[in-house]
Amino acid sequence: MGNKLKLALSYDEVRVLVFALNELRNELIAENRYTDAVDDLLIKLMV
């Protein structure tokens, strides 16, 4: 996994993406499924 991709996102785009990922995370938690991948993406967006 040596290839990395960078996206240029506006503040509003990041807000929408974080909201959508958080909704997905909540659904996964409700279904007792792993949230590791979503958690990793949320952390990367917050940095």
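By about how many helical turns are arginine 15 and aspartate 12 separated in helix α1? The points below address this and related features of the structure, which is a predicted model.

1. **Salt bridge within α1.** Arginine 15 and aspartate 12 are separated by about one helical turn, because they lie three residues apart in helix α1. An α-helix has 3.6 residues a turn, so residues three or four places apart point the same way. The two side chains form a salt bridge, with the closest N and O atoms 3.8 Å apart; the cut-off for such a pair is 4 Å. Arginine 15 is exposed, at a relative accessible area of 52%, whereas aspartate 12 is partly exposed, at 48%.

2. **Overall composition.** The secondary structure consists of two helices and zero strands. The C-alpha trace spans about 30 × 30 × 15 Å along its principal axes. Of the 47 residues in the protein, 15% are buried. The accessible surface comes to about 4,500 Å², and carbon and sulfur atoms account for 58% of that area.

3. **Geometry of α1.** Helix α1 comprises 20 residues, for which a rise of 1.5 Å a residue predicts a span of 28 Å. The C-alpha atoms at its ends are 29 Å apart, which agrees with that expectation. Leucine 24 lies in this helix and is partly exposed, with a relative accessibility of 37%. Its C-alpha atom is 21 Å from that of serine 10, the two residues being 14 apart in sequence.

4. **Two sides of α1.** Val18, Leu21 and Leu28 are the buried residues to note in α1. They are placed on the same side of the helix because they cover an arc of only 85° around the axis. The cover over the buried residues of α1 includes α2. On the other side of α1, the exposed residues are Arg15, Val16, Phe19 and Ala30. Arg15 thus appears here as well as in the salt bridge with aspartate 12.

5. **Link between the helices.** The structure holds three salt bridges, and one of them joins aspartate 39 to arginine 25, with the closest N and O atoms 2.5 Å apart. Aspartate 39 belongs to helix α2 and arginine 25 to helix α1, so this pair ties together parts that are 14 residues apart in sequence. Arginine 25 is partly exposed, at 26% relative accessibility.

6. **The connection after α1.** A further salt bridge is formed by the side chains of arginine 33 and glutamate 31, at 3.1 Å from N to O. Glutamate 31 is partly exposed, with 46% relative accessibility. Asparagine 32, which follows α1, has a positive phi near 55°. Threonine 35 is placed in the loop between α1 and α2. Is threonine 35 buried or exposed? At 10% relative accessibility, threonine 35 is buried, the cut-off being under 20%. Apart from neighbours within four places in sequence, threonine 35 contacts Arg25, Leu28 and Ile29. Of these, Arg25 takes part in the salt bridge with aspartate 39, and Leu28 is among the buried residues of α1.

7. **Nonpolar surface patch.** Which residues make the nonpolar surface patch of about 410 Å²? The patch is made by Leu5, Leu7, Leu9 and Leu17. Leucine 5 is located in the segment before α1, the helix of residues 11-30. This leucine is exposed, with a relative accessible area of 74%.

Key:
Residues numbered from 1 in each chain as written. Predicted model: local features only at pLDDT ≥ 70, side-chain atom pairs only at ≥ 80, totals over all residues. Heavy atoms only, no water. Patch = residues over 30% accessible without salt bridge, like charges linked within 9 Å, V, L, I, M, F, W, Y side chains within 5 Å. Areas by Shrake-Rupley, 256 points an atom, 1.4 Å probe, with all protein chains shown as cover. Helix = DSSP H or I, 4+ residues; strand = E, 2+ residues; numbered from the N terminus. Buried < 20%, exposed > 50% of the residue type's maximum accessible area, 1.4 Å probe, protein only. Contact = heavy atoms within 4.5 Å. Expected span 1.5 Å × (residues − 1). Arc of directions from axis to C-beta.
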